[in-house]
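Student: I have a model open and I'd like to learn how to read it. Can you walk me through it, feature by feature?

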Amino acid sequence: MGIIDKTTYTLTCQHCDTKEVSSVLDKGSNWSGSSWQSGTTFELFDTTWNGGQKQEPTLEKATCKKCKNPATFQKQ
């Protein structure tokens, strides 16, 4: 089983200048097809995800654990 695709998220808290990067992976093979993770875990942010499995997950909400303010994100 290998990595077929990945989406990288960069989360930033404008209030306390916290920044973190993590990726969501689509794993699979020629025999089993692909399966997206249900999201990714961030150490510095609480996140809420939608999707996974056959559909690429999307980040619905991100909050800084340190100051509890909403985070901005970039998807690559």
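Student: Let's start with charge. How many positive and negative side chains does the chain have, and how far apart do the centres of the two sets lie?

Tutor: One thing before the count: this is a predicted model. For charge, you count each sign and then ask where each set is centred. Here there are 9 positive and 8 negative side chains, and their centres lie 2 Å apart.

Student: Next, the secondary structure. How many helices and strands are there?

Tutor: Start with an inventory, then read it in sequence order. This chain has zero helices and six strands, giving the pattern β-β-β-β-β-β.

Student: Which strands form a sheet, and in what order?

Tutor: Order in a sheet is about who sits beside whom, so look at the pairing. Four strands make an open sheet in the order 3-2-1-6, with antiparallel pairing. Strand 3 and strand 6 are the edge strands, each pairing on one side only. From one strand to the next, the twist averages 25°.

Student: How many bridges join strand 1 to strand 2?

Tutor: Follow the ladder of bridges between the two. Strand 1 covers residues 2–13 and strand 2 covers residues 18–29; they run antiparallel and 11 bridges join them. Want some rungs to click on? Thr7 has Val24 of strand 2 as its bridge partner, and Ile3 stands opposite Lys27 in strand 2.

Student: What happens at the turn between those two strands, at Asp17?

Tutor: At a turn, check the loop length and then the backbone angles. This hairpin has four residues between the strands, and Asp17 takes a positive phi near 60°.

Student: And on the other side of strand 2, how many bridges join it to strand 3?

Tutor: Four bridges, again with the strands antiparallel; strand 3 is residues 33–36. A hairpin makes this connection too, through three residues. For the rungs, Gly28 has Ser34 of strand 3 as its bridge partner, while Lys27 has Ser35. So Lys27 is a handy residue to select: Ile3 stands opposite Lys27 on one side, and Ser35 in strand 3 is its bridge partner.

Student: Where does strand 6 come in, and how many bridges join it to strand 1?

Tutor: Strand 6 is residues 72–75, and four bridges join it to strand 1, antiparallel once more. One pair to find is Thr12 with its bridge partner Thr72 in strand 6.

Student: Is Thr10 buried or exposed?

Tutor: The general idea is to compare the relative accessible area with a cut-off, and buried means under 20%. Thr10, which lies in strand 1, has a relative accessible area of 11%, so Thr10 counts as buried.

Student: Which residues is Thr10 in contact with, leaving aside its neighbours within four places in sequence?

Tutor: Lys19, Glu20 and Val21 are among them, and so are Thr72, Phe73 and Gln74.

Student: Let's zoom out. What does the chain span, and how much of it counts as buried?

Tutor: For the overall view, take the dimensions and then the surface. The C-alpha trace spans about 45 × 15 × 15 Å along its principal axes. Of the 76 residues, 36% count as buried. The accessible surface comes to about 5100 Å², with 45% of it belonging to carbon and sulfur atoms.

Note on methods: Residues numbered from 1 in each chain as written. Predicted model: local features only at pLDDT ≥ 70, side-chain atom pairs only at ≥ 80, totals over all residues. Heavy atoms only, no water. Pairing = 2+ DSSP bridges. Buried < 20%, exposed > 50% of the residue type's maximum accessible area, 1.4 Å probe, protein only. Areas by Shrake-Rupley, 256 points an atom, 1.4 Å probe, with all protein chains shown as cover. Lys, Arg positive; Asp, Glu negative; His and termini not counted. Charge placed at Lys NZ, Arg CZ, Asp CG, Glu CD. Axes fitted to C-alpha atoms, helices over the stretch in contact; angles between N-to-C directions. Contact = heavy atoms within 4.5 Å.
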